Amino acid sequence: MTQPLLNITGLHKSFGTQQVLRNIDLAVQPGERIAILGASGSGKSTFLRCLNFMETPSAGSIELGGRMLGSEGRNGARVYAEKELTQLRQRVGMVFQQFNLFPHMTAIGNVMEGLRTVKGVAPAAARERAMAELSRVGLADHAEQYPARLSGGQKQRVAIARALAMDPELLLFDEPTSALDPELVGEVLGVIRSLAEEGRTMLLVTHELGFAYHVATRVLFIADGEIHEAGTPDEVVKHPQRERTRAFLARHREFSL
Amino acid sequence: MYRWDFAPVLANADLLLQGLVNTLAVTGTALAFGIPLGLALALARLSGRRLLAWPAGFVIEFFRTTPPLVQLFWFFFALPVLIRVEMTPFMASALTFSIQSSAFFAEVFRGGIVSVERGQWEASRALGMTPSQSMRRIILPQAVKRMIPAFMERAIELMKTTTLVAIVSYADLLYQANEIAQKTFRPLEVFTVVAGIYFVVILMISLLARRLERRLAVSGESTVH
Amino acid sequence: MGYQWNFAPVFEHADALLYGAVGTLRIFAICLVLGLSFGLVVGLMRYSRRRLLNWPATAFVEFFRNTPVLVQILWFYFALPMLVPFEISPLMAAALGISLNSAAFSAEIFRGGIQSIEPGQWEASRALGMTGLQAMRRIILPQAIRRMLPALTNRAIEIFKMSTLASAVAYVELLQQGKLIASLNFNPIEVYTVIALAFFLFLYPLVRATYALERQMARSDSGGD
Ligand SMILES: Nc1ncnc2c1ncn2[C@@H]1O[C@H](COP(=O)(O)OP(=O)(O)O)[C@@H](O)[C@H]1O
Ligand SMILES: [Mg+2]
């Protein structure tokens with residue numbers, strides 16, 4: 001077995017007194033595509049957001065590429081330096097449910113922004129790279145448009161290009177199609193599928209069961225902040241072993257698959 | 001029946017013009033210092049570090065809560081004694097209104113900054129930006145655009161408040177009016193004309209501000225996503 | 001170096017300051033009552049679709065919002081006596097200027113508050129058979145006032161701060177008394193520091209109350225009805 005790209009052990013997250021994630025262990029191998037299923041409020045977003053430290057884990061440790069993040073602080077909890085986190089985030093890209101494009105920049109401006117500001121790439125090189133990413137998501141001809149002029153599906157594709165431009169080793173997708181009108185879902189899933197075919201490592205929270213089944217290499221079902229069931233798509237989606245997983249799938253299968 | 005006579009006012013038009021220039025000078029100076037200082041105060045207050053947030057909060061609240069005329073008297077009559085420097089009326093006025101307006105601008109900045117959606121912070125942080133990069137590149141440009149109406153309103157308020165400098169004998173428009181009124185015994189005409197001048201100047205600025213807002217509102221780069 | 005602070009002479013004149021404070025409260029109360037009630041009338045006129053009401057109200061609001069209040073006070077003090085057959089006292093001039101200015105600003109608050117009530121509320125009250133006036137008094141205004149409360153409190157604070165401008169026409173209020181004491185004892189630092197602090201300590205609780213009201217409104221608005 002190769003060294004995991006991401007190794008999560010004993011991850012806990014609480015907001016105040018509310019325990020949202022408990023004791024999550026997960027090793028992600030390079031090239032794996034992990035779909036995360038679960039009811040609303042079960043902690044899926046919080047889990048993804050802990051992985052690029054949009055939320056700071058309350059306990060547990062995360063290794064990226066064999067290096068443990070943070071350092072031992074007082075009273076046992078790990079502390080993370082700002083610099084370490086900005087470096088980590090360059091290696092872990094995130095795509096949001098609400099796109100979060102920068103409205104005051106054009107599509108290509110959005111894609112160039114990380115290259116210019118974070119990586120310090122020269123303008124011409126950044127523009128060339130950004131253009132390549134926009135072409136990959138099929139939006140080269142919309143490069144100079146502001147987000148307000150783009151459809152939801154186009155916005156999400158720009159957001160994916162923005163993440164890709166940073167050359168991330170791992171991509172996190174948090175319900176990337178949930179805010180889209182049904183007829184726009186396909187174009188975004190198409191882009192994600194093409195990334196899968198390139199062999200990129202990704203974690204994807206989604207309610208698109210069919211997509212998860214066909215594209216993921218592994219599926220996790222999260223309930224009450226725990227990994228309730230995990231396995232291959234066939235195991236979890238087609239032949240779930242546990243009652244809660246079955247109930248969840250039954251509710252969702254009505255409108256997908 | 002009172003017989004209006006504007007001739008004495010017209011005869012002193014040069015003094016009024018000089019006064020208007022001085023009014024604009026003190027307003028401009030206060031804006032030039034007040035806006036950057038206001039941004040600094042807002043950032044300090046939002047920094048989350050108590051050692052910065054607390055003093056900034058106090059300055060903002062104090063200067064927004066106390067009457068500007070009291071502040072002006074303090075800076076004109078008290079401060080020179082305290083630090084042993086000569087204070088011209090202009091210096092005291094510029095100092096007072098720079099700080100006073102910065103307190104108000106700070107709240108305008110803060111309002112604009114917190115109005116930007118959390119997702120904007122998250123998206124920029126997720127790209128690996130530092131907090132200050134996020135602020136400079138992503139948050140402030142959006143915040144400033146939303147702040148423009150409040151900003152113009154504050155600038156107009158500032159211009160009106162600068163009339164107080166006449167009380168410490170800085171030769172602004174109102175001060176000149178008082179002088180001319182005493183000289184010509186024509187207070188009705190002088191003060192009416194001066195009120196008119198203020199009205200026209202401020203109305204013009206308001207109209208300009210409204211035009212600017214509309215222009216920004218129709219430009220393709222809107223704040224909705 | 002190091003200025004020797006000495007507050008004793010200030011407190012020796014506590015009675016004079018107290019006398020000034022009473023003057024401040026008196027003009028504040030007068031302007032608050034006149035300003036807000038006249039503001040409500042003007043606000044309703046502004047809201048009205050009848051041109052004969054709307055037009056003069058608009059002109060009034062625009063004029064008094066776009067000229068400095070100190071100019072208004074001086075106009076009433078120096079210019080108005082030329083037109084009327086009676087004396088204008090400092091209190092009258094200052095109260096007129098501040099009240100009319102506040103009326104113009106609060107008129108816009110009232111109008112905005114009334115406009116913010118959903119048309120459904122009008123329809124529901126009309127459907128019950130109420131007249132327009134009844135609907136306004138029983139249904140619309142009570143809701144609107146609740147919404148406007150933070151803005152109105154804010155106006156009250158502004159009126160309090162403006163009351164210091166009455167000293168420009170030698171009306172006896174806190175700042176005016178301070179000037180007197182400072183010139184008698186040559187101790188402007190202590191006097192103006194005490195006065196600034198007095199204003200801050202008196203007004204800041206009101207400011208906090210306004211913030212609390214704003215937060216409460218924001219919560220109840222997002223909670224829906
Ligand atoms: N910033 C936060 N502060 C407090 N509670 C939060 C926060 N973020 C999420 N939660 C809570 O954590 C739980 C899990 O939320 P989330 O991870 O968004 O669920 P999911 O993405 O599976 O729908 C929910 O009960 C939510 O209310
Ligand atoms: Mg979620």
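User: How many residue pairs are in polar contact between chain C and chain B?

Analyst: There are six such pairs, both residues being at pLDDT 80 or more. A polar contact is a pair of N or O atoms within 3.5 Å; within protein, one must be able to donate a hydrogen and the other to accept it, and residues adjacent in sequence count only if both atoms are side-chain atoms. This is a predicted model, in which local features need pLDDT of at least 70, side-chain atom pairs count only at pLDDT 80 or more, and totals for chains, interfaces and linings use all residues. Residues are numbered from 1 along each chain as its sequence is written, chains are lettered from A and ligands numbered from 1 in the order in which they are written, and side-chain values use heavy atoms, without hydrogens and water.

User: And how many salt bridges across that interface?

Analyst: The rule, a side-chain nitrogen of Lys or Arg within 4 Å of a carboxyl oxygen of Asp or Glu, finds zero between chain C and chain B.

User: Which helix of chain C gives the most to the side that touches chain B?

Analyst: H9(C) does, with 13 residues. Helices (H or I, at least four residues) and strands (E, at least two) are DSSP runs, numbered from the N terminus.

User: Now chain A: how do S1 and S2 pair?

Analyst: S1(A), residues 6-15, and S2(A), residues 18-28, are antiparallel over seven bridges; pairing requires at least two DSSP bridges. A:Ser14 has A:Gln19 as its bridge partner.

User: What about the hairpin between S1(A) and S2(A): which residue takes a positive phi?

Analyst: A:Gly16, near 60°, with two residues between the strands.
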